[in-house]
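Open the model in your viewer and keep the selection panel handy. We will go from one selection to the next, with a short word on what you should find at each stop.

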Amino acid sequence: MNTPEPNSDTLANTLASRIHADIVASDLQEGELFMTGDQVSEHYAVSRSISREALSQLRAMGILKSRQRKGLLIDRPDPVEQMERWVPLYGRGANSQALTNLAQLRYVLEVGAVDLAVPNATPAQMVELRRRAEDFEKIARVHGHSPDADQVDLAFHCLFLDMTGNELIAGMHRVLSDYFLASTIADPKPSEDAQRAIREHHLIVEGIERADRDLVRNVLRAHIEGTVT
């Protein structure tokens with residue numbers, strides 16, 4: 001009985017994994033030449049069609065990039081861009097555990113950011129954060145957690161993460177927040193939650209102004225812990 005040959009997708013996936021492992025193990029830096037397409041086929045002893053498919057995968061992942069008359073250069077993947085691709089797929093459908101996992105990741109990012117955001121917040125950021133807390137209050141006091149209020153709420157939390165000065169933290173949080181804001185799976189929040197959120201926003205601003213990390217952390221935990229259960 002003849003053993004079935006692996007299909008081209010399997011071979012391309014295997015080759016992409018091998019190339020990725022070789023790049024990680026190498027000393028090659030961003031912008032340096034890896035190989036040409038022909039050299040990849042020869043080095044890994046595969047057909048050009050298989051190498052093209054594998055290299056296409058690695059370019060899509062941001063690991064390699066092509067330069068005309070040069071070949072394949074080492075690229076630097078953008079984690080936030082990659083996250084924007086996989087979060088909607090990961091949370092798609094009625095998989096409540098996947099949604100809980102994403103909510104817990106957002107919780108850890110935001111609560112863990114306190115030690116960076118509090119000392120690094122600029123005066124201009126503090127003025128803007130207080131303004132966003134006031135804007136949220138104006139809307140939420142009348143309309144509760146309406147779509148407009150939720151947009152301002154998101155802007156408040158995104159600015160808080162911007163205060164860390166870490167684009168990776170802020171970017172990942174923004175992707176998760178955008179996902180939950182746009183998700184139709186989320187249940188509407190009761191009106192009393194909006195009144196509590198108003199108070200908590202102002203307490204967060206006050207805590208940052210006082211450089212009181214414990215206050216900010218405790219209020220944030222109370223503020224978003226309901227999303228992780």
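The tour visits a sheet, its helices, the nonpolar cores and one helix in detail. Please keep in mind that this is a predicted model.

**Stop 1: the sheet.** Select residues 33-35, 64-67 and 71-74, which are β1 and β2 and then β3. Together the three strands make an open sheet in the order β1-β3-β2, with antiparallel pairing. At its edges sit β1 and β2, each pairing on one side only. From one strand to the next, the twist averages 45°. Zoom in on β2 and β3: four bridges join these antiparallel strands. Pick K65 and you will see L73 of β3 standing opposite.

**Stop 2: helices on the sheet.** Add residues 37-44, helix α2, which packs on the sheet and touches β1 and β3. The direction of α2 makes about 55° with that of β1. Now add residues 48-60: helix α3 also packs on the sheet, touching β2 and β3, and its direction makes about 110° with that of β2.

**Stop 3: the nonpolar cores.** Which residues have the most contacts inside the largest nonpolar core? Show V87, L129, F160, M163, I204, I208 and V216 as sticks; the core they belong to has 35 residues. The elements giving two or more residues to this core are α4, α5, α6, α7, α8, α9, α10 and α11. For a separate second core, of 16 residues, select A16, M35, L58 and L64, which are among its members.

**Stop 4: V216 and helix α11.** Center on V216. Leaving aside neighbours within four places in sequence, V216 is in contact with V114, V118, F160, I204, G207 and I208. Then select residues 213-224, the whole of α11. The 12 residues of α11, at 1.5 Å a residue, should span 16 Å, and the end C-alpha atoms are 16 Å apart, so the two agree. Color the buried residues of this helix: V216, R217, V219, L220, H223 and I224. An α-helix has 3.6 residues a turn, so residues three or four places apart point the same way. At the N-terminal end of α11, D212 acts as a cap, with a side-chain oxygen 3.3 Å from the backbone nitrogen of D214.

**Stop 5: D153.** Finish in helix α8, residues 147-162, where D153 lies. Is D153 buried or exposed? Its relative accessibility is 10%, so D153 counts as buried. Neighbours within four places in sequence aside, D153 is in contact with F136, H201 and H223. H223 takes you back to α11, where this histidine is among the buried residues.

Definitions and conventions
Residues are numbered from 1 along each chain as its sequence is written. This is a predicted model: local features need pLDDT of at least 70, side-chain atom pairs count only at pLDDT 80 or more; totals for chains, interfaces and linings use all residues. Side-chain values use heavy atoms; hydrogens and water are left out. The expected span of a helix is 1.5 Å times one less than its number of residues. Buried means under 20% relative accessible area, exposed over 50%, partly exposed in between (1.4 Å probe, protein chains only). A polar contact is a pair of N or O atoms within 3.5 Å; within protein, one must be able to donate a hydrogen and the other to accept it, and residues adjacent in sequence count only if both atoms are side-chain atoms. Two strands pair if DSSP finds at least two bridges between them. Axes are lines fitted to C-alpha atoms, for helices over the stretch in contact, and angles run from 0 to 180 degrees between N-to-C directions. Contact means heavy atoms within 4.5 Å. A nonpolar core is a set of buried Ala, Val, Leu, Ile, Met, Phe, Trp, Tyr and Cys residues joined through side-chain atoms within 4.5 Å.
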